[in-house]
Amino acid sequence: MDIILAHRQIDFDALASMVAAQKIYPNSVLVMDGKPSVFVQDFLALSRDQLRFRRAQDINLEEVSRVILVDTHELHRVGFLGEKVAKLPGVEVEIYDHHPYAGKLKQGMVIEPVGACATLLVEKLAEMGLPLSSFEATLIAIGIYDDTGSLLFDNTTVRDVHAVAYLLEQGANLGVISKNLRRPLTEEQKELLQQLLDQGQTEVFDGLPVYISYAEIEEYVGGLALLAHRVGELEGADTWFLLVKMENRVYIVGRSRGRGLPVNGLVQLFGGAGHERAASATIKDAKLSEILKELRSAIRTRAKRPHLVRDIMSFPVKTVSPETRLGEVEQILLRYGHTGVPVTEGQNIIGIISRRDVDKAIKHGLQHAPVKGFMTTRVATVDVEAPWDEVQRLMIQHDIGRLPVVEEGNLVGIVSRSDVLRLVHGGSVPIEAQLARERSAAVRQDILDLIGRLPEEVRSLLEAVRDTAGEEECSVYLVGGFVRDLLLSVPTQDLDFVVEGSGGQFAQALMRRIPNGKLTHHVKFGTAQIIFPDGSHLDIASTRWEHYSFPGALPQVEESCLRDDLFRRDFTVNSMAICLNAERFGELVDYYGGRQDLQQRKIRFLHNISFIDDPTRMLRAIRFAERYKFNFAKETLDALHTAIETGVLSKLSVERFTEEIMLIFKEMNYLAMGQCLVQSGLFKAWFGEELAWNFDLDDAEVSLDWSLNMRWLVSVSKMETNQIQRLLERVSLNKSLRDETNAFVHLRESLQEPLTLSEMDRLLNKAPKRVVLALARDERFNKRIRECLEAGQRIKMSLDGKALIQMGVKQGPEIGEILDQVRMAWLEGRISSSEEEQGMARQWVNNRR
């Protein structure tokens with residue numbers, strides 16, 4: 001006999017999981033071993049005919065061959081029947097659970113981190129194609145909604161949402177679900193809730209606030225999980241614990257919003273279980289005061305310092321003096337994308353000026369006025385050691401988007417709304433005083449494993465950089481495309497390093513370890529390059545900030561911090577860094593969510609005017625998206641179309657546009673990239689009209705081995721001559737490619753005339769081979785070109801100028817004329833052997849005498 005069991009205090013998720021399991025195991029028996037929650041009891045009172053449970057004491061253990069255990073992975077949590085079954089030899093146990101499990105999964109165990117256990121069973125039901133009645137679908141949906149707070153708890157996953165959608169398709173009744181979830185508190189629950197609110201308080205453990213409340217009542221009152229939810233709503237805590245003594249037991253309920261402590265680790269100390277964000281325990285015959293003391297002690301040992309303002313602030317801060325003219329302030333705000341800038345005298349902040357106030361003043365012609373007359377002097381600031389949620393409170397209270405950060409009265413940084421939002425919504429945020437780093441040991445080990453698979457020469461180079469960083473006492477990072485491709489396990493040769501310090505000085509020091517390189521400095525951009533004999537190179541730069549005087553301009557460079565250096569890059573997937581210092585070798589620095597976008601296969605820009613600053617980023621966005629088969633983030637795609645429509649491409653030089661286009665023609669997937677350039681309207685915006693580009697994906701296989709010139713010629717092959725001429729005016733091709741494009745046009749026009757075979761041969765022999773191959777793909781000329789080329793293959797001509805001189809022909813144009821005649825005879829099939837060739841030549845020589 002198969003029996004289905006859940007934990008003793010059956011809630012709706014456990015009940016739903018049991019019912020779903022019985023659909024999967026149709027010959028199984030539902031067994032109630034414990035006391036359901038009061039709300040489940042009410043539900044069962046009306047649904048007993050649909051749900052036939054047997055009592056634990058009515059089960060003959062000798063008949064049990066298999067146990068299906070749901071919503072827990074521990075048989076001892078089931079009750080006395082579970083404890084007895086655990087001791088029986090030969091009984092098979094299958095488990096479906098969503099609570100954390102530290103052991104090794106065995107066959108028959110499905111334990112996965114979803115919001116509700118019922119979700120796991122729904123997925124299996126859908127996979128097996130088992131239909132549900134409206135009653136069954138409704139009950140199972142109640143279980144998922146109940147355990148995920150109607151899909152609003154932090155532990156909710158996408159899988160839970162999909163499961164609910166499936167149940168609605170199966171006929172789940174939202175009205176019934178709502179009625180069972182919107183339960184008013186009983187009088188006993190209201191009294192208990194009041195006690196918990198009266199006796200609760202927020203206690204701070206090493207800077208981490210935790211709300212703790214307790215109560216003691218004689219009779220058991222159900223629904224403690226519901227009360228915990230209500231307390232969390234009313235108190236707004238990130239972590240909270242409720243301890244209630246009822247009858248002879250102390251019940252602990254812990255909750256976390258994800259930014260606080262993982263509560264399951266704490267309740268496990270008391271024999272409980274659960275998730276990081278929701279867990280509970282029951283202790284028999286214990287004193288409430290002693291449990292409270294033990295809980296506080298456990299929290300104290302596990303509390304981690306919360307994110308402080310210094311962890312999320314930006315530095316150094318761009319400031320202006322009181323005498324700075326408003327026109328200059330406007331340029332600074334535009335250049336750095338700020339919404340305001342502090343006004344300082346020395347290190348003391350005396351005011352702040354917002355973009356809104358600057359705009360108003362300039363509209364009135366006051367661009368030459370000093371900022372001191374328009375700045376706000378009552379400045380809200382935040383201390384560098386304050387917790388991050390103090391920033392959130394101040395921003396809401398004062399309705400401001402940027403807060404200056406002070407230390408002992410001196411300005412040391414600034415924190416913005418975006419910094420807070422990254423923290424609130426789980427983006428990449430700093431966890432140390434100086435840098436935002438993703439310090440997960442697993443991620444770092446993954447990176448070390450990937451580095452270990454690199455070629456020996458690359459690993460040796462990274463080790464040389466590591467050792468040089470130690471000698472120079474500076475921080476060095478591997479950045480950009482190499483990091484992106486390393487995480488994607490894609491072979492790459494781009495090696496870019498940034499140094500927190502002097503990149504030039506570091507490059508000179510590195511040269512002592514790699515003496516076979518040649519060092520070149522680029523003082524204007526603060527970069528250095530080491531070129532190796534085989535033509536490969538590596539780039540080294542100081543961390544820097546770039547700004548653009550106008551759209552499409554080359555960037556102007558200022559020294560800055562790593563965070564700003566990464567922010568100046570084009571896309572999040574290119575804005576990650578790997579630390580190469582010995583103590584942190586392999587550590588990922590990811591301020592802007594690049595790793596997440598890699599995992600989600602998204603191309604996302606770093607700020608809203610990215611394409612305005614540098615329009616070539618639009619072409620790079622398309623190149624990266626099609627190279628890696630990524631999708632555009634919605635806001636990035638919208639911004640790309642907006643940038644095209646606003647005409648920023650007109651600010652771009654022909655040389656820079658051509659450089660990006662040629663990079664696309666070098667890509668394996670250039671055909672798809674070309675189609676995207678056409679479909680997006682980018683090509684039309686640049687060239688001024690729709691051109692007949694040929695990016696036929698059917699050519700994908702044959703085009704892989706084509707040279708760049710061949711790809712280009714085939715791509716323009718369907719354009720009319722006047723279109724190609726206008727095209728050439730808008731690109732800056734090298735001489736070879738420009739000459740071949742013109743040769744293509746000339747040969748195509750010539751082939752449109754009626755030509756003899758010999759005339760065709762002369763034309764094809766004069767044209768570059770790639771031009772001929774490109775034209776041969778045109779169905780108008782394919783047959784004639786093929787016939788001419790096939791005829792040319794029949795030529796076995798051995799006669800040359802030297803042989804003609806021996807026959808008595810004088811040096812001069814006559815030799816060329818005779819050789820042309822002989823070649824035409826071969827081509828037209830009038831001769832087919834060397835003997836005939838010699839005879840024809842002698843006859844022509846004799847006739848000319």
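Q: Why is Asp71 called buried in this predicted model?
A: Buried means under 20% relative accessible area. Asp71 has 1% relative accessibility, so it counts as buried. Asp71 sits in the loop between strand S4 (66–70) and helix H3 (80–87), and its phi is near 60 degrees, a positive value in a residue other than glycine.

Q: What makes Ser489 count as exposed?
A: The label exposed needs over 50% relative accessible area. Ser489 comes to 54% relative accessibility, and therefore counts as exposed. You will find Ser489 in the loop between helix H19 (481–487) and strand S19 (496–500). Ser489 also has a positive phi, near 60 degrees, and is not a glycine.

Q: Why is Glu216 called partly exposed?
A: Partly exposed lies between the 20% and 50% limits. With a relative accessible area of 49%, Glu216 is therefore partly exposed. Glu216 belongs to strand S8 (residues 208–217), and joins Glu218, Glu219 and Glu247 in a patch of negative charge on the surface.

Q: How do you know that Cys579 is in no disulfide?
A: Searching the whole structure gives zero disulfides. For Cys579, the nearest cysteine sulfur is that of Cys474, 10 Å away. A disulfide needs two cysteine sulfur atoms within 2.5 Å, so Cys579 is in no disulfide.

Q: Why are Cys579 and Cys788 called buried?
A: The cut-off for buried is under 20% relative accessible area. Cys579 has a relative accessible area of 0%, so it is buried. Cys788, at 2% relative accessibility, therefore counts as buried too.

Note on methods: Residues are numbered from 1 along each chain as its sequence is written. This is a predicted model: local features need pLDDT of at least 70, side-chain atom pairs count only at pLDDT 80 or more; totals for chains, interfaces and linings use all residues. Side-chain values use heavy atoms; hydrogens and water are left out. Patches are made of residues with over 30% relative accessible area and no salt bridge: like charges are joined within 9 Å, nonpolar side chains (Val, Leu, Ile, Met, Phe, Trp, Tyr) within 5 Å. Accessible areas come from the Shrake-Rupley method with a 1.4 Å probe; for residues, only the protein chains shown count as cover. A salt bridge is a side-chain nitrogen of Lys or Arg within 4 Å of a carboxyl oxygen of Asp or Glu. Lys and Arg count as positive and Asp and Glu as negative; His and the chain ends are not counted. The place of a charge is taken as NZ of Lys, CZ of Arg, CG of Asp or CD of Glu. Helices (H or I, at least four residues) and strands (E, at least two) are DSSP runs, numbered from the N terminus. Buried means under 20% relative accessible area, exposed over 50%, partly exposed in between (1.4 Å probe, protein chains only).
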